[in-house]
Amino acid sequence: MWDARYGAPEWAYGTEPNVYFKDKLSGLIPGKILLPAEGEGRNAAFAASRGWSVEAFDLSVEGKNKADRLAADMGRRIEYVVADAMEVSYRPASVDVIAFIYAHFPWEVRKVVYPKLVAALKPGGMVILEAFGKKQLEYQPHQASGGPKDADLLFSLDEIRELFPDFEVLEMLEGEIKLHEGLYHNGQGWVCRFLGVKK
């Protein structure tokens with residue numbers, strides 16, 4: 001499904017970075033960042049353009065092709081691998097930031113994958129997260145803001161607390177926003193956001 005979506009000429013979610021990600025990353029000193037489920041690379045390319053050393057992964061070969069092209073168009077290079085989230089691994093305490101931007105997995109997968117990836121974050125490192133909340137299901141019949149149609153793939157604040165127990169919470173909220181991200185994230189939507197520092 002993702003190769004079909006990302007293999008189309010159009011950019012599924014646009015070429016501009018996610019607004020929340022851009023805002024939070026812009027205040028940080030560049031270091032190494034990890035971007036799971038990075039799709040066509042809009043956030044990876046932005047981070048690289050701001051001096052970050054970028055590692056990213058996704059299941060989609062077509063996503064990687066677009067991500068590499070987008071970064072090259074900016075005169076940058078990213079380390080992007082095609083891999084399953086359950087199988088990918090990174091060196092412990094090796095990255096300064098992990099950004100989970102619409103990195104939706106079933107809860108049984110998420111509660112394994114997220115902590116495994118967080119192990120790659122240095123103490124004092126930061127997590128930036130934006131994802132659709134459970135209430136997004138109410139928006140889908142009327143809005144083109146997208147998101148999974150299975151509640152198990154969507155987020156709650158309680159689940160976020162469970163995923164990041166050893167973090168100082170700088171920001172955690174959910175609410176309605178208006179999305180303008182390519183073809184598939186357009187219109188009003190319900191999202192969860194989290195910003196935290198690893199203790």
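Biologist: Of the contacts in the chain with a separation of 6 or more, what share comes from residues 24 or more positions apart?

Modeller: Quick ground rules: this is a predicted model, where local features need pLDDT of at least 70, side-chain atom pairs count only at pLDDT 80 or more, and totals for chains, interfaces and linings use all residues. Residues are numbered from 1 along each chain as its sequence is written, and side-chain values use heavy atoms, with hydrogens and water left out. A contact means heavy atoms within 4.5 Å. On that basis, residues 24 or more positions apart account for 69%.

Biologist: What pattern does the chain follow along the sequence?

Modeller: Helices (H or I, at least four residues) and strands (E, at least two) are DSSP runs, numbered from the N terminus. That gives seven helices and seven strands. Read in order, they spell α-α-β-α-β-α-β-β-α-β-α-α-β-β.

Biologist: What is the radius of gyration of the chain?

Modeller: We take it over C-alpha atoms, and the globule rule is 2.2 Å times the number of residues to the power 0.38. For 199 residues the rule gives 16 Å, and the chain comes close to that, so it is as compact as a globular protein of that length. The C-alpha atoms fill a box of roughly 40 × 40 × 30 Å along the principal axes. The radius itself is 16 Å.

Biologist: Which are the edge strands of the open sheet?

Modeller: Two strands pair if DSSP finds at least two bridges between them. The seven-strand open sheet runs β3-β2-β1-β4-β5-β7-β6, with mixed pairing. The strands that pair on one side only are β3 (79-82) and β6.

Biologist: And inside the sheet, what is the bridge partner of F100 in β5?

Modeller: Strands β4 (residues 95-101) and β5 (residues 121-132) pair in the parallel sense over six bridges. Across to β5, F100 is matched with L129.

Biologist: What angle does the direction of helix α5 make with that of β4?

Modeller: Axes are lines fitted to C-alpha atoms, for helices over the stretch in contact, and angles run from 0 to 180 degrees between N-to-C directions. Helix α5 (residues 107-118) packs on the sheet, touching several strands including β1 (32-35) and β2 (53-58). Its angle to β4 is about 155°.

Biologist: Which helix gives the most to the largest nonpolar core?

Modeller: A nonpolar core is a set of buried Ala, Val, Leu, Ile, Met, Phe, Trp, Tyr and Cys residues joined through side-chain atoms within 4.5 Å. The largest has 31 residues, with F21, L25 and I128 among those with the most contacts inside it. With five residues, the top contributor is helix α3 (residues 42-49).

Biologist: How many of the eight residues of α3 are buried?

Modeller: Buried means under 20% relative accessible area, exposed over 50% and partly exposed in between (1.4 Å probe, protein chains only). The buried residues of α3 include R42, N43 and F46, and the buried set packs against elements including α2 (19-25) and α4 (61-73). The helix is largely enclosed by the rest of the structure because the buried count is seven.

Biologist: With which side chain does the side chain of E181 make a polar contact?

Modeller: E181 sits in strand β6 (residues 167-181) and is buried, at 6% relative accessible area. Not counting residues up to four places away in sequence, it touches R42 and Y102, among others. A polar contact is a pair of N or O atoms within 3.5 Å; within protein, one must be able to donate a hydrogen and the other to accept it, and residues adjacent in sequence count only if both atoms are side-chain atoms. At 3.0 Å, the partner is N18.
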